[in-house]
Amino acid sequence: MENIDEAFARLDKEKLLEVTYLSAGCRIFRGDKQNFLSFLNTLRKQGDSGFCDVVLEVDGQSFPAHRCVLAANSQFFYTMFTSGMRDSKEKHIKLCSLSSSALSTILDFFYTREIAINRDNAEDLLEAASFLLLNHVKSACALIISNNLSISNCFSTRRLADKYSLDELKKKSDTFMKENFQRAKQESDFLILSCAELYELISSDGLRVEKEEEVFESLLKWVRHDPANRAKDLSSLLPCLRFGSLSLAFLEEQIQKESLLQECSFCQNFLKQQRRRRRSARAKREVAAKERPSAKIHNVVVGVGRGNLHTSFCFNVEEDVMYRLPEPPSPTFQLGITVIGRDLYSVSRDRHDWDESTTRLMMYSLGQTHKTVHYWYEKNGDIQSPSVCLGKTHVVSLKGKLYTLGGCSAFVERRAVVQCYDPVENAWKTMAQLLTPRCMLGVVTTEFHLYAIGGKTSHTINAPEKLVERYDPEANYWTPVAPMNTSRASPKVIATSENIFVIGGLHLGPEVTCEVYKEVSDQWSNIASLPSFSTPKLTFTLNQEVYVLNSSETWRYEKKKNSWKKSQSFKSLREGFEDFSVAQLQLPKFCFEHYTRIAPQNLASFGRSFYDCSSDDEDEEEEESDYHPWFFWGEDSSGSD
């Protein structure tokens, strides 16, 4: 500790700094303010001999100080010393609302203008700063507490913010609790929430859960922690649930097995009301309106760029919002994708090695919610890799398994090979071959079967095929079924629950003809041609209706009128997404809303280069005597000239 002599010696060595030159030879010099504060601090530590005129007492410890310094730093002390009350004249003042360590740190701050705040002392300092009316210290403590917000302390931090009126910290902890409710509800602090705190939490639309059942079960867990005092709160807390996201069967099952709910008259009356209301169409609309936003199921399109286009997306159809997914591994050349459950699979090739053995299978889980695990997994590992050709390979899923088929090998030979990947066994198998080897197929799956539609048996100039083959995965057997009415190569195909729609195809002239296959009757029927003469780029289903996209329009098929009508659906996917492999599924918003939003036009152009692949249709229109897809090769290719 510096003594008085050393403090004076330091002052003697101080050099004044010239800061302003005035007229008539007058100059203004400035000394070091820190030297002055340091000298005052030295005097403080001398006690009475350092002119200290007040002693603060906390927890049996004494802290000498100067009234003028305390009053200059704290409105609390200024008011105390100028109030004229007895304490204003006392030399020894007892403070009961703060700890000795916090007071010591704050006194150091008064005399040095520096304060060290960390997660260990932030709460104590916050209490002291609030008591002494030090808003700047209070804000600094709130910042440290905010930066250390975690699953284990989010509930206590929220209470702290409420206690000291820290609006920003309260807002941040509220958001954190709601976004991380799945993990936060496992903490012991969740069980000691007050009824009002729990009400505020579970009544919020911002609460992120995958299923409303999670909220229901956490509510029961909270009540069971103190059933004698909390059972009565069920009548006020249950209406906070989003019953539009809960099935009636689930509610009945819970009431049947949970005695707390059986004893609650509100629960019984509420269940009867729900049974009555769900019978009417109006009630169904009301129930749908009371869904938890994060648990509401949305129609989603996922896509991964083909060829060298290394980007992927998730598109919310109802809200017309695009989210950017993590980039697939590079350097790879993507051939096709499919979805099994919530797992997105991509079959790709090494850009620098076109040998069939270099095929890679990558998987990305769309159910991931923690940002640190957002990456693609390679599923091949030590297992046998699939032998997938370069051109026109199709990747589909059926009954929880992935299939690859179609295309050409070595750019010449049509392929009949069909391979299957089983995620449960993490293994590839070679299945029964196509009856007729061909590429430029249309491939689609229904509930029980896989269909190979049309295609070409050669890349020489010849007509495409009408033939259709059906695969039964249970019997591992291909069967020819009724042929199409029109020969088609590379048609767009899409299946609803009852029918298979086939749209367009190459070599058909300017008209985009369409036909429908009824699986039950094994019959094909021609339907209205697509009004637009431009090549269809993407096809989708939504609520059992078929949508076809080209570069500027979306067409919806109206079955009753046998006509195509323009639609506003999928409008963000009309332009720039023909070079993406896409798949459809349904997901709760919880599974994708945490991804970064991106403008569709920005994503469609992301990562493109001169050597990116063209669309399938452009590829197939390259005629045909020798199939040499030169545009697949970049300057860094290892292929021969």
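Two strands pair if DSSP finds at least two bridges between them, and this rule is the starting point for the exercises below, which all concern a predicted model.

**Exercise 1. Work out which residue in strand 26 stands opposite Val 512, and how strand 25 and strand 26 are joined.**

Solution. Begin with the pairing itself: strand 25 and strand 26 run antiparallel, and 6 bridges join them. Within this pairing, Val 512 stands opposite Leu 530 in strand 26. Then follow the chain through the hairpin of the two strands, where 4 residues lie between strand 25 and strand 26 and where Asp 522 takes a positive phi near 55°.

**Exercise 2. Place strand 25 in its sheet, and explain why strand 23 and strand 26 each have one side without a neighbour.**

Solution. The first step is to read the order of the open sheet, whose 4 strands are arranged 23-24-25-26 with antiparallel pairing. Strand 23 (492-495) and strand 26 (523-530) stand at the edges and have a single partner strand each, so one side of each is left without a neighbour in the sheet. As to the twist, neighbouring strands of this sheet are turned by 20° against each other on average, with direction ignored. The next step is to look at strand 24 (residues 499-503), which is joined to strand 25 (residues 512-518) by 5 bridges in an antiparallel run. One of the residues to find here is Val 502, whose bridge partner in strand 25 is Glu 515.

**Exercise 3. Describe the open sheet with the order 27-28-29-30, from its edges to one of its residue pairs.**

Solution. This open sheet has 4 strands, and its pairing is antiparallel. Its edge strands are strand 27 (538-542) and strand 30 (563-566), each of which pairs on one side only. From one strand to the next, the twist averages 30°. Turning to a single pairing, strand 27 and strand 28 (residues 545-549) pair in the antiparallel sense over 5 bridges, and the bridge partner of Thr 541 in strand 28 is Val 546.

**Exercise 4. Classify the aromatic pair of Phe 501 and Tyr 557, and say where its two residues lie.**

Solution. The count for the model comes to 22 aromatic pairs. For the pair of Phe 501 and Tyr 557, the distance is 5.6 Å centre to centre and the angle between the planes is 65°. Planes over 60 degrees apart count as edge-to-face, and Phe 501 and Tyr 557 accordingly form an edge-to-face pair. Finally, locate the residues: Phe 501 belongs to strand 24 and Tyr 557 to strand 29 (residues 554-558), so that the pair links distant parts of the chain, 56 residues apart.

**Exercise 5. Decide whether helix 9 and helix 10 are roughly parallel or roughly antiparallel, and do likewise for helix 13 and helix 16.**

Solution. The axes of helix 9 (residues 154-163) and helix 10 (residues 167-179) come within 8 Å and cross at roughly 155°. Angles over 145 degrees count as roughly antiparallel, and helix 9 and helix 10 are therefore roughly antiparallel to each other. Their crossing is left-handed, and the residues that meet there include Phe 155 in helix 9 and Phe 176 in helix 10. By class, this contact has 6 nonpolar, 2 polar and 4 charged residues.

For the second pair, helix 13 (residues 212-225) and helix 16 (residues 248-257) pack at an angle of about 15°, with their axes 12 Å apart. Angles under 35 degrees count as roughly parallel, and helix 13 and helix 16 are therefore roughly parallel to each other. The crossing of helix 13 and helix 16 is right-handed.

Definitions and conventions: Residues numbered from 1 in each chain as written. Predicted model: local features only at pLDDT ≥ 70, side-chain atom pairs only at ≥ 80, totals over all residues. Heavy atoms only, no water. Axes fitted to C-alpha atoms, helices over the stretch in contact; angles between N-to-C directions. Parallel < 35°, antiparallel > 145°, perpendicular 65-115°, else oblique. Left-handed = near helix turned anticlockwise from the far one by under 90°. Contact = heavy atoms within 4.5 Å. Nonpolar A, V, L, I, M, F, W, Y, C, P; charged D, E, K, R; others polar. Phe/Tyr/Trp six-rings, centres within 6.5 Å; stacked < 30°, edge-to-face > 60°.
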